Amino acid sequence: MTRRFELDELIRSDNFIDGRWTPASHGARFAVTDPATGNTIAQVADSSEADARAATDAAARAFPGWRDTLPKERAAILRRWHDLIVANQETLGALISLEQGKPLAEGRGEVAYGASYVAWFAEEATRIYGDIIPQQQRGKRMMAVKEPIGIVAAITPWNFPLAMIARKIAPALATGCTVVAKPAEDTPLTASALVMLAHEAGVPAGVLNLITASREHAVATVADWLHDARVRKITFTGSTAVGKYLARESAETLKKLSLELGGNAPFIVFDDADLDAAVTGLLASKFRNGGQTCVCPNRVYVQAGVYERFAALLGERVAALKVAPATDPDAQIGPMINTRAVDKIARHVDDALTHGARIVTGGKRLTELGPHYYAPTVLADAKPNMLLNAEETFGPVVPLFRFESEAEAVAAANNTSFGLASYFYSENAKRIDRVSQALEAGIVGINEGAVASEAAPFGGVKDSGYGREGSRYGLDDYLSIKYLCQGNLA
Ligand code: SIN
């Protein structure tokens, strides 16, 4: 029988190193707060380099034993972990909502989403095939075998505190790697709960280690992993600036990196689109997690012939979205994660208004609900010289840009250093083929706003990073290929 835990049993405030919950070596702590109210939920370990080193030491000791387990043994442990996550869906969902602010329905949904990666990689663990290369010379056999890369450092973001760490740890464990992890300082509690369940599922001591650190100490703490040659891989989801920093700083030890970085996703609505489907797709992709998602559309291009109709349809649906704390069962948009986030949204909207944008709906903070709420917003007459064209707003704001021709829309969509997701709506088969090839992005949603799936390769191009998560490609980044050449056989 899979055990269910109460919320207070899942809330852990220490580091998890070598199978034990341990305070930070200097005894320091930092507050984790509820973004809806600013109230403190827990005081968690504020780690230093010494804690990062202790986690790596444990992962290094555990590596040979874990590497040598049978794939089906690792698969069974991952399956048990999956079952525990699913059995505790309600409580984990509530914990996500508490520390991250997303509505409860989305918190629950994130648990199912994260668990799906664990189930997927439990199955993939038993399918890590190599090759026997067709013979080139008599008496000689050549083989390519795949081996776990070694210790993996997983550094994860606050916007999906369960799903992002699950989709990094699951492939690492499936391939036989050991893990050191650091979740974002805004949302460490869900990650710690997940690690606790992994331990309960039978992940041996030292195989999975997690440390937490405040914003002030995160850089120094993680630096230990960047410079430690025993850490062979870094997997990171977060901003492009931090991703580039990790790549630069770790270069001396030539680690393998997977970087899932910022996006500035275009969403194009052609005049031959099914407008209702386009509005529904845009709502689903834009307002997921209140717009705090790397694959959220950030720039919406609408062809001139349908522009005003689309703006009106969208405005009506967006105005009806319910903004409320996660605890309200009808909430569709929660608070933004912190003051920096809501300030950035307000700055982008103010700048757009200064440059001639027109408010269709929203356009203001909702201070009556709390310090971090912003009204879901649609802005018409968006222009390339606005801040929200160049930067990811990461909030519930939809700027509508007008375009005339397909070539103009594609050029504008690609006119960014980012290339994570992109979307377009059209009912014309030839256009669908042309535009899906022309868009510079790792992910293209064609008449579809919900693109994420454990079975699909998730990742970007250009400044959105490299590496893929999920799907059968998602194991590759955790493996190295060894070539075996056996001679004297004839
Ligand atoms: C992200 O925002 O980084 C990931 C979102 C997703 O998995 O769909």
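Lys462 sits in the loop that links β18 (443-446) to β19 (465-466). This residue is not a glycine, yet its phi is positive, at about 55°. With a relative accessible area of 38%, Lys462 counts as partly exposed, because that value falls between the 20% and 50% cut-offs. Keep in mind that all of this comes from a predicted model.

**Around β19**

- Just along the chain from that loop, Gly465 has its place in strand β19.
- Gly465 is buried, at 8% relative accessible area.
- Setting aside neighbours within four places in sequence, Gly465 is in contact with Leu259, Leu261 and Gly460.
- Gly465 and Leu420 are 45 residues apart along the chain, and their C-alpha atoms are separated by 8.0 Å.

**Backbone angles in the loops**

- Most residues other than glycine have a negative phi.
- Lys462 goes the other way, with its positive phi of about 55°.
- Asp18 also has a positive phi, near 55°, and it too is a residue other than glycine.
- You'll find Asp18 in the loop between β1 (15-17) and β2 (20-22).
- Gly38 has a positive phi as well, of about 85°, and it sits in the turn of the β3-β4 hairpin.

**The β3-β4 hairpin**

- Strand β3 (residues 29-33) and strand β4 (residues 40-45) run antiparallel, joined by 5 bridges.
- The two strands make a hairpin, with 6 residues between them.
- To find the pairing by eye, start at Phe30, whose bridge partner in β4 is Val44.
- Then take Ala31, which stands opposite Gln43 in β4.

**β6 and its two partners**

- Which strands pair with β6? On one count it is β5 (residues 131-133), which pairs with β6 (residues 141-148) in the antiparallel sense over 3 bridges.
- Strand β20 (residues 479-486) is another partner, also antiparallel to β6, with 8 bridges joining them.
- In the β5 pairing, Ile132 has Met143 of β6 as its bridge partner.
- In the β20 pairing, Val145 stands opposite Lys482.
- Ala144 has its place in strand β6.
- Ala144 counts as buried because its relative accessibility is 17%, and the cut-off is under 20%.
- Leaving out neighbours within four places in sequence, Ala144 is in contact with Gly130, Asp131, Ile133, Ile481 and Lys482.
- Among those contacts, Asp131 and Ile133 fall in the residue range of β5, while Ile481 and Lys482 fall in that of β20.
- Ala144 and Tyr483 are 339 residues apart in sequence, but their C-alpha atoms are 4.5 Å apart in space.

**Leu173 in helix α6**

- Leu173 lies in helix α6 (residues 163-175).
- Is Leu173 buried or exposed? It is buried, with a relative accessible area of 1%.
- Beyond its neighbours within four places in sequence, Leu173 is in contact with Trp66, Arg74, Leu78, Val179, Val203 and Val207.
- Leu173 and Lys244 make a useful contrast for anyone judging distance from sequence: they are 71 residues apart along the chain, and their C-alpha atoms are separated by 26 Å.

**The whole protein**

- The secondary structure adds up to 15 helices and 20 strands.
- How does the radius of gyration fit the chain length? For 490 residues, a compact globule would come out near 23 Å, and the protein has 23 Å, which agrees.
- Measuring along the principal axes, the C-alpha atoms fill a box of roughly 70 × 60 × 45 Å.
- Of the 490 residues, 57% are buried.
- Looking at contacts with a separation of 6 or more, 73% are between residues 24 or more positions apart.
- The Ala144 and Tyr483 pair, 339 residues apart in sequence, shows that kind of long separation for two C-alpha atoms 4.5 Å apart.
- The exposed area is about 19,200 Å², and carbon and sulfur atoms supply 52% of it.
- On the charge side, there are 51 positive and 57 negative side chains.
- The centres of those two charge sets lie 6 Å apart.

Technical notes:
Residues are numbered from 1 along each chain as its sequence is written. This is a predicted model: local features need pLDDT of at least 70, side-chain atom pairs count only at pLDDT 80 or more; totals for chains, interfaces and linings use all residues. Side-chain values use heavy atoms; hydrogens and water are left out. Helices (H or I, at least four residues) and strands (E, at least two) are DSSP runs, numbered from the N terminus. The radius of gyration is taken over C-alpha atoms; the globule rule is 2.2 Å times the number of residues to the power 0.38. Buried means under 20% relative accessible area, exposed over 50%, partly exposed in between (1.4 Å probe, protein chains only). Contact means heavy atoms within 4.5 Å. Accessible areas come from the Shrake-Rupley method with a 1.4 Å probe; for residues, only the protein chains shown count as cover. Lys and Arg count as positive and Asp and Glu as negative; His and the chain ends are not counted. The place of a charge is taken as NZ of Lys, CZ of Arg, CG of Asp or CD of Glu. Two strands pair if DSSP finds at least two bridges between them.
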